[in-house]
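Here is a short report on side-chain contacts and surface charge. Please look over the sequence and the structure before reading on.

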Amino acid sequence: MTERVEQRAIISGIGISRIGRKTGLAGITLTAEASRQAIADAGLTPTDIDGIATIGDTPLDEVVADLGLDVGYTGGGFDTGGLLSPLMSAFVAVGSGRARHVLVYRTVLMMAGTIEAPPSDRDPDDESLWGVMGDMGPLLACHAYSAANWIGMQATRYMHLYGSTKEQLGWLAVNSRRNAALNPLAIYQEPMTIDDYMAARMISTPIGLYDCDVPVDGSIAIVVSAADHEPDCPNPAVRVASIGGSPSLGGWVDRPDYPAMAASDAAAQLWAGTDVRPGDVDIAEIYDGFTFLTFAWLEALGLCGRGEAGPFIEGATRIALDGQLPVNTYGGQLSAGRMHGYWVIHEAVLQLRGHAGPRQVAHPPEVAVTAAGGGPIAGAILLTR
């Protein structure tokens, strides 16, 4: 297959800040922690960074000033692949020679639970978060105010079609908690059984408390470099095999293949760009803002058949660290914390390097698939050693 532009980029460095709940720390403090760590991990200094990208958090100019950067390339937005758009755009920028070393970061602070109205002068075709959530108006009018409501509807429809059960959703949460126990940064590390999961209070049928991710304060940073920097990397570089994003068609509920989501479009684009096949994947680090989203991604990516995610996950043996396909080896957003898809990248790099410590899969993997997003927002990245 002809080389694609993103394949001329590598992930040369990663960094992660303190992770906690209601830490009181400023976003710039957390961002600087993760960014300085990532730059050093790449064998670089801040003066080497000539590009920066993020999505909806600590402003770029604050970070540029705090780190003393001189950048020519800036990136952001949701247009390429939802939450992963800044990272995917950085691959393209570096691969096309627009920058040599791009710092990409995602910083989150626990939200207060408010719903913001879209700006009155918003362009309906914009590429911001409001622009891709095309059917939020009707959903809110029907009193579906939360993503838990929207995912609950999709999960209910899916269960009706394929006979999946709530207990099968629970095995993903149990597996995540088991992996989180091996991650010192994870928020929840105490053991959880399937009985604990089933006894938790309902949020929006069939979504219960342990089907939902954990809001946190924290930051993750990634340095994307030109491939010829690899010999100078102090740690093994991770290569980019392919990327896939979604044009966000259909919103949450207006797809003809409902309850499928934009993950299907992103996955199709991902596999079209590489000779690697789903059967070659060694580990999957997949978005789990809600348990059902992981089910949807497993099927969209072809890691199991349509309607087969429930049986595939049931018992949490196939997806365990020593299983057929280890899933969310760091504990996922369900137990480690909600970093909006960027912890999946950080963990995939650690696993591909063989640097994941007590949660390292038995044989360092060669191929990792990562994915983030739900509903109309979807991005997927295939990484290799």
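The text below covers aromatic pairs, salt bridges and a charged surface patch.

**Aromatic pairs**

This is a predicted model. The structure holds five aromatic pairs. One of them joins Trp150 and Trp252. Their ring centres are 5.0 Å apart and their planes stand at 55°, so this pair is tilted. Trp150 sits in helix α6 (residues 147–162), and Trp252 sits in the loop between β8 (238–245) and α9 (263–272). The pair therefore ties together parts that are 102 residues apart in sequence. Trp150 is buried because its relative accessible area is 6%. Trp252 is buried too, at 5% relative accessibility.

Tyr158 and Phe295 make an edge-to-face pair, with 6.5 Å from centre to centre and 85° between the planes. This contact links distant parts of the chain: Tyr158 is in helix α6 and Phe295 in helix α10 (residues 291–300), 137 residues apart. Both Tyr158 and Phe295 are buried. They belong to one aromatic cluster with Tyr162 and Phe292.

**Salt bridges**

The whole structure contains 15 salt bridges. Three of them are listed here with their N to O distances.

| Salt bridge | N to O distance |
|---|---|
| Arg100 and Asp228 | 2.8 Å |
| Asp211 and Lys166 | 2.9 Å |
| Glu190 and Arg177 | 3.8 Å |

Take Arg100 and Asp228 to begin with. Arg100 lies in the loop between α3 (85–95) and β4 (101–108), and Asp228 in the loop between β7 (218–226) and β8. The bridge thus connects parts 128 residues apart in sequence. Arg100 is partly exposed at 33% relative accessibility. Asp228 is exposed, with a relative accessible area of 52%.

Next come Asp211 and Lys166. Asp211 is in the loop between β6 (207–208) and β7, while Lys166 is in helix α7 (residues 166–180), so the pair ties together parts 45 residues apart in sequence. Asp211 is buried, at 0% relative accessibility. Lys166 also counts as buried, at 16%.

Glu190 and Arg177 are 13 residues apart: Glu190 lies in the loop between α7 and α8 (194–199), and Arg177 in helix α7. Glu190 is partly exposed, with a relative accessible area of 43%. Arg177 is buried, with a value of 6%. Elsewhere, salt bridges with shared partners join Arg255, Asp257 and Asp265 into one network.

**Surface charge**

Which residues form a negative surface patch? They are Glu167, Asp195, Asp196 and Glu314. Glu314 lies in the loop between α11 (309–313) and α12 (332–336). Its relative accessible area is 37%, so Glu314 counts as partly exposed.

Key: Residues are numbered from 1 along each chain as its sequence is written. This is a predicted model: local features need pLDDT of at least 70, side-chain atom pairs count only at pLDDT 80 or more; totals for chains, interfaces and linings use all residues. Side-chain values use heavy atoms; hydrogens and water are left out. Patches are made of residues with over 30% relative accessible area and no salt bridge: like charges are joined within 9 Å, nonpolar side chains (Val, Leu, Ile, Met, Phe, Trp, Tyr) within 5 Å. Accessible areas come from the Shrake-Rupley method with a 1.4 Å probe; for residues, only the protein chains shown count as cover. A salt bridge is a side-chain nitrogen of Lys or Arg within 4 Å of a carboxyl oxygen of Asp or Glu. Lys and Arg count as positive and Asp and Glu as negative; His and the chain ends are not counted. The place of a charge is taken as NZ of Lys, CZ of Arg, CG of Asp or CD of Glu. Helices (H or I, at least four residues) and strands (E, at least two) are DSSP runs, numbered from the N terminus. Buried means under 20% relative accessible area, exposed over 50%, partly exposed in between (1.4 Å probe, protein chains only). Rings of Phe, Tyr and Trp (its six-membered ring) pair if their centres lie within 6.5 Å; planes under 30 degrees apart count as stacked, over 60 as edge-to-face and the rest as tilted.
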